[in-house]
Amino acid sequence: MEVIIKTNYDEMSRAAAHVVADILNTKPNAVLGLATGSTPLGIYKELVRLHQEEGLDFSQVTTFNLDEYVGLSVLHSQSYHYFMHENFFKHVNIPKQNVYIPSGTTRNYQAFCQWYEQRIEECGGIDVQILGIGADGHIAFNEPTSSLSSRTRLKTLERQTIDDNARFFEKREDVPSYAITMGVGTILEARQIVLLASGANKAHVVAASVEGPVTSMVTASALQMHPATLFFVDKEASSELKMRDYYDWIQEKKPGAPQI
Ligand code: F6R
C-alpha cells in the first residue's frame, strides 16, 4: 500500500485521476471500477476535463460500479445510476452498453449478484478500481464485520452510514436500508486500486485502514493484503497517520529510486 498525501482535495483528485488516465493511455479498453459519494466528484471532474480538453478517449472503456441502493429506480435523483450519469457518463464517450451498475430494483437479487460477478469476469476483471471510504471504514457498502472474502450481494446498511448519507436525501427516513454491493473479495481482485479520502472526519478510519490490524471491523484494512493500492489523502484525512513523515519521504525519494 502506498500513501500519497496531498495538500488539498483538488490536488488529491487530480493526482488520482492521472493514475486512471495513465492506465487508459496504455490500455484504451481498460475496465474501470467506479465509486459514488462526495469524495470521487473531483476525480470525475478531472477525467471529464482530460476528455474534453486533452482528448482522453473512453470509447473502448467498460465500467462497473461498486454499489446501488435497493429500492431506488434509475431515475431517482439519489440513485447511483443518476449520480453516475450526471457527474460522469453524460460528459464522456463511454458506450452505454459498456456501463454496468448494480440494479436496485431487480426481482431476484441473488441471481443478479451472480450475473454481475460473472460479467466482471467475462470482461477480463477490473483494471483500476476507484474507492472512497466510509466513516465506519467501509469500502463500497461492506459494513463492519463483512467477510473479507465477500462477493457482490445484498447488504444491510449500518446506522452510521444511513446518518452520513441522510445529507443527500430530504429526510433520514428516505435513505434506503439496503444496498447491493460488490464484496471485499470482489474489490481485492482489481489489478490496481485507487482509494481517496478527504477531511478530518475520515482521519481515524484512514489511520485504522493503513496502520491498524487487518480486520472485518474496518473493511478498508483488507487493502493491506492487496498488492497495488494507492491511498490518496488530503492533509486533514492524513492527520492521524503515525508514519506520515515516512509516506512523504517515500514520495520525495521516488525520482531517485532504482528502476525495478
Ligand atoms: C459509494 C461507496 C461508499 C462511499 C463512502 C464514502 O459508491 O461505495 O463506500 O465511497 O461511503 O462516501 P463519501 O465520499 O460521500 O464520504
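In this predicted model, the loop between β6 (128-131) and β7 (153-156) is where Ala140 is found, and Thr145 lies in that loop between β6 and β7 as well. Both residues carry a backbone angle that deserves attention: phi of Ala140 is near 50°, a positive value in a residue other than glycine, and Thr145, although not a glycine either, has a positive phi of about 80°. As background to these two angles, most residues other than glycine have a negative phi.

In their exposure the two loop residues fall on opposite sides of the cut-offs. Ala140 counts as buried because its relative accessibility is 8%, and buried means under 20%. Thr145, in turn, has a relative accessible area of 55% and is therefore exposed, since that label applies over 50%.

Ala140 also leads from the loop to the ligand, for of the 14 residues around the ligand, Ala140 is one of those that come nearest, together with Thr39, Asp67, His138 and Lys202. The residues of this shell divide into four nonpolar, seven polar and three charged.

Which atoms of the protein and the ligand face each other here can be followed through three polar contacts. A polar side-chain atom of Asp67 is placed 2.7 Å from an oxygen atom of the ligand, and for His138, too, a polar side-chain atom lies 2.7 Å from a ligand oxygen atom. Ser38 takes part through its backbone, where a polar atom is 2.8 Å from an oxygen atom of the ligand. Beyond these individual contacts, the protein buries 94% of the 410 Å² that the ligand exposes when taken alone. The space that the ligand takes up is the largest pocket.

Turning from the ligand to a helix, the reader can locate Phe83 in helix α3, which covers residues 80-87. Is Phe83 buried or exposed? Its relative accessibility is 15%, so Phe83 counts as buried, the limit for that label being under 20%. To place Phe83 against another part of the chain, one may take His226, which is 143 residues apart from Phe83 along the chain, with 28 Å separating the C-alpha atoms of the two residues.

Returning to the loop between β6 and β7, the reader may wish to inspect Ala140 once more, as this residue, buried at 8% relative accessibility, has a positive phi and is among the residues that come nearest to the ligand.

Technical notes. Residues are numbered from 1 along each chain as its sequence is written. This is a predicted model: local features need pLDDT of at least 70, side-chain atom pairs count only at pLDDT 80 or more; totals for chains, interfaces and linings use all residues. Side-chain values use heavy atoms; hydrogens and water are left out. A residue is near a molecule or strand if one of its heavy atoms lies within 4 Å of it. A polar contact is a pair of N or O atoms within 3.5 Å; within protein, one must be able to donate a hydrogen and the other to accept it, and residues adjacent in sequence count only if both atoms are side-chain atoms. Accessible areas come from the Shrake-Rupley method with a 1.4 Å probe; for residues, only the protein chains shown count as cover. On a 1 Å grid over the protein atoms alone, a cavity is a set of points where a 1.4 Å probe fits but cannot get out, and a pocket is an open set with protein on both sides within 12 Å along at least five of seven lines; lining residues have an atom within 4 Å of a point. A molecule sits in a cavity or pocket if more than half of its atoms lie within 2 Å of its grid points. Ala, Val, Leu, Ile, Met, Phe, Trp, Tyr, Cys and Pro count as nonpolar, Asp, Glu, Lys and Arg as charged, and the others, Gly among them, as polar. Helices (H or I, at least four residues) and strands (E, at least two) are DSSP runs, numbered from the N terminus. Buried means under 20% relative accessible area, exposed over 50%, partly exposed in between (1.4 Å probe, protein chains only).
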